[in-house]
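Please look over the sequence and the model below, and then follow the paragraphs that come after them, which move from backbone details to helix packing and on to enclosed and open spaces.

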Amino acid sequence: MKHEKPSDLKAATHLDVLIIGAGISGIGMAVHLKEKCPGRSFAILDQRSDIGGTWNLFQYPGIRSDSDMHTLGFEFEPWREQKAIADGPSILNYLRRIKDERGLNDHIRLGHKVLSASWSSSEARWTIAAEVEGQGVCHLTAGYLFMGTGYYDYDQGYDPAFEGRESFGGQIIHPQFWPKDFDYAGKRVVVIGSGATAVTIVPSMTDKAAHVTMLQRTPTWYWSRPAKDWLANSLRSIMPDTWAYRFIRFKNVRMQQMSFKRARENPKKVGDYLLKRIRKIMGTKMNEPDFQPPYGPWEQRLCLVPDGDMFKAIRDGKADIVTDHIAKFTPTGIDLKSGRHLDADVIITATGLKLAMAGKVDFSVDGQPIDFTQHFYYKGCMFSDVPNMAIVFGYLNASWTLKVDIVADFVCRTLNHMAETGSEVAVPVLGSDGPVNEENIFDFSSGYVQRALDILPKQGDRMPWRLNQDYLFDRKVLREDAVADGVLAFRKADVIVQDETAIAAE
């Protein structure tokens with residue numbers, strides 16, 4: 001492969017690989033690509049004016065990781081900060097440092113919003129149309145497309161239509177669109193929701209707000225742990241950072257897997273343990289019904305409360321939780337169905353995310369639009385009968401970056417196999433290994449998941465046609481199993497394929 005000079009990278013209109021998204025997924029893919037496919041030219045496109053994805057977009061008070069940075073960090077770059085549960089700016093700095101130290105600057109093109117991606121089988125390439133800020137639409141081509149766009153809609157969050165909303169005399173804010181330098185000092189704040197965003201915002205606003213109330217329709221399961229990992233920090237003082245990082249990452253991955261499995265097998269015992277930890281912090285200030293969900297732990301994502309900060313805020317009278325249903329908004333706050341009224345100067349609708357499939361890009365293959373709901377996942381990162389494209393959909397029960405690393409590795413192995421065999425196309429062929437039955441894609445009851453079922457791809461009843469929630473299993477499949485598995489077909493662009501199954505087996 002031709003090596004591009006840094007000065008050529010920004011101007012190149014054809015790339016071997018085009019990465020969409022400059023957040024955790026895109027940055028991770030780029031580093032793996034540079035290390036494992038050094039001859040491949042690539043570019044990263046992002047619609048925003050800076051890298052970081054989620055960690056650049058979200059600016060609400062207290063924004064932080066909801067899992068430890070030893071697993072949310074990349075396998076190739078140790079997390080060296082004291083806090084394992086990191087704030088947004090620290091995570092963004094981590095990504096920027098990787099970008100600078102790994103030589104990615106010349107590969108990144110910001111202000112490029114990808115509108116469409118069209119595959120041509122005769123040319124074995126994607127043509128991408130991207131709206132460039134202030135310059136109109138540009139077109140790029142690529143042999144392989146990697147979608148690192150995350151899983152939710154950047155343009156809009158989930159915001160239910162509350163009756164009387166227009167009558168409220170204060171300010172209503174969705175956390176995804178937090179106003180810059182918003183002053184909430186001395187104001188009464190009601191945060192609607194009880195998920196990860198609400199749990200972060202509530203304690204963070206108590207420093208200035210007169211009072212903060214978390215209004216929840218249904219309680220959530222919470223897990224409290226220290227923001228600093230004493231073992232990780234201790235190990236780093238006696239051994240190289242990379243050794244300590246690998247050890248803690250290994251430990252945390254297995255602890256996550258074990259905790260998830262235990263919660264599913266014995267939800268009552270795990271639930272009692274979680275409640276006991278909350279009682280230890282809150283004492284008599286704990287209102288038990290506010291912390292007892294009508295479902296088991298890990299039927300929805302467990303919410304992390306570092307250092308028990310939200311529980312301490314409630315215990316100290318700076319915040320409270322109200323479990324009720326909203327009847328309507330009023331000029332001075334919220335009427336509840338119980339008859340109670342919550343006074344508010346600010347209402348924050350932490351009501352969740354709206355999922356989006358593949359960055360809302362319009363895809364087509366040989367002029368035919370792609371409807372992802374009619375395609376099966378292949379090994380959780382490609383799609384049946386869609387060539388030369390991979391995507392990252394992180395875990396619901398573990399850190400997103402765990403999936404990034406192993407998908408990126410699989411893509412690199414695929415590209416290298418294509419180079420070794422002289423192939424230009426890699427496509428998972430549905431039916432090449434027999435009929436596939438469809439089943440539910442997620443065993444999670446979370447609202448944002450259930451609301452998105454009508455836009456998600458199909459889930460098969462067996463591998464490789466599945467999106468799994470088991471990192472250790474996926475790691476073996478994506479890192480160790482043969483790329484040429486009899487399902488992923490490899491061929492040249494100018495070959496008319498008569499027997500996909502035979503070629504897939506080569």
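In which loop does Pro464 lie? In this predicted model, Pro464 belongs to the loop between strand S24, residues 459–460, and helix H13. The peptide bond that leads from Met463 into Pro464 is cis, with an omega near 10°. A further backbone detail is found at Asp385, whose phi is near 65°, a positive value in a residue other than glycine. Asp385 sits in the loop that runs between strand S20 (382–383) and strand S21 (389–391).

From the loop that holds Pro464 one can pass on to H13 itself and to the helix packed with it. Two packed helices are described by the angle between their axes and the distance between the axes. For helix H11 (residues 400–421) and helix H13 (residues 471–479), the angle is about 15° and the axes are 9 Å apart. Because angles under 35 degrees count as roughly parallel, H11 is roughly parallel to H13. The crossing in which H11 passes H13 is left-handed. On the H11 side, the residues that meet H13 are Leu402, Lys403, Asp405, Ile406, Val407, Asp409, Phe410 and Arg413, while H13 contributes Tyr471, Asp474, Arg475, Val477, Leu478 and Arg479. Sorted by class, this contact of H11 with H13 holds 7 nonpolar and 7 charged residues, with no polar ones.

Where is there unfilled space in the model? The count of cavities of 30 Å³ or more comes to 1, and the largest cavity has a volume of about 50 Å³. Its lining is made up of Gly150, Tyr151, Ala356, Met357, Ala358, Tyr377, Ile391, Phe393 and Leu456. By class, the lining of the largest cavity has 8 nonpolar residues and 1 polar residue, and no charged residues.

The second largest pocket offers another space to examine, with a volume of about 910 Å³. This pocket is lined by 32 residues, and Trp223, Arg225, Met255, Gln256 and Ser259 are the ones that lie nearest its centre. At least two lining residues come from each of strand S10 (222–225), helix H7 (230–236), helix H8 (241–265), helix H9 (267–282) and strand S11 (303–306). Of these elements, H8 gives the largest share of the lining, 7 residues. The lining of the second largest pocket divides into 14 nonpolar, 8 polar and 10 charged residues, whereas the lining of the largest cavity has no charged residues.

How values were computed. Residues numbered from 1 in each chain as written. Predicted model: local features only at pLDDT ≥ 70, side-chain atom pairs only at ≥ 80, totals over all residues. Heavy atoms only, no water. Axes fitted to C-alpha atoms, helices over the stretch in contact; angles between N-to-C directions. Helix = DSSP H or I, 4+ residues; strand = E, 2+ residues; numbered from the N terminus. Parallel < 35°, antiparallel > 145°, perpendicular 65-115°, else oblique. Left-handed = near helix turned anticlockwise from the far one by under 90°. Contact = heavy atoms within 4.5 Å. Nonpolar A, V, L, I, M, F, W, Y, C, P; charged D, E, K, R; others polar. 1 Å grid on protein atoms, 1.4 Å probe; cavity = no way out; pocket = protein on both sides within 12 Å on 5 of 7 lines; lining within 4 Å. Points joined across faces, edges and corners; volume = space filled by probe spheres on them.
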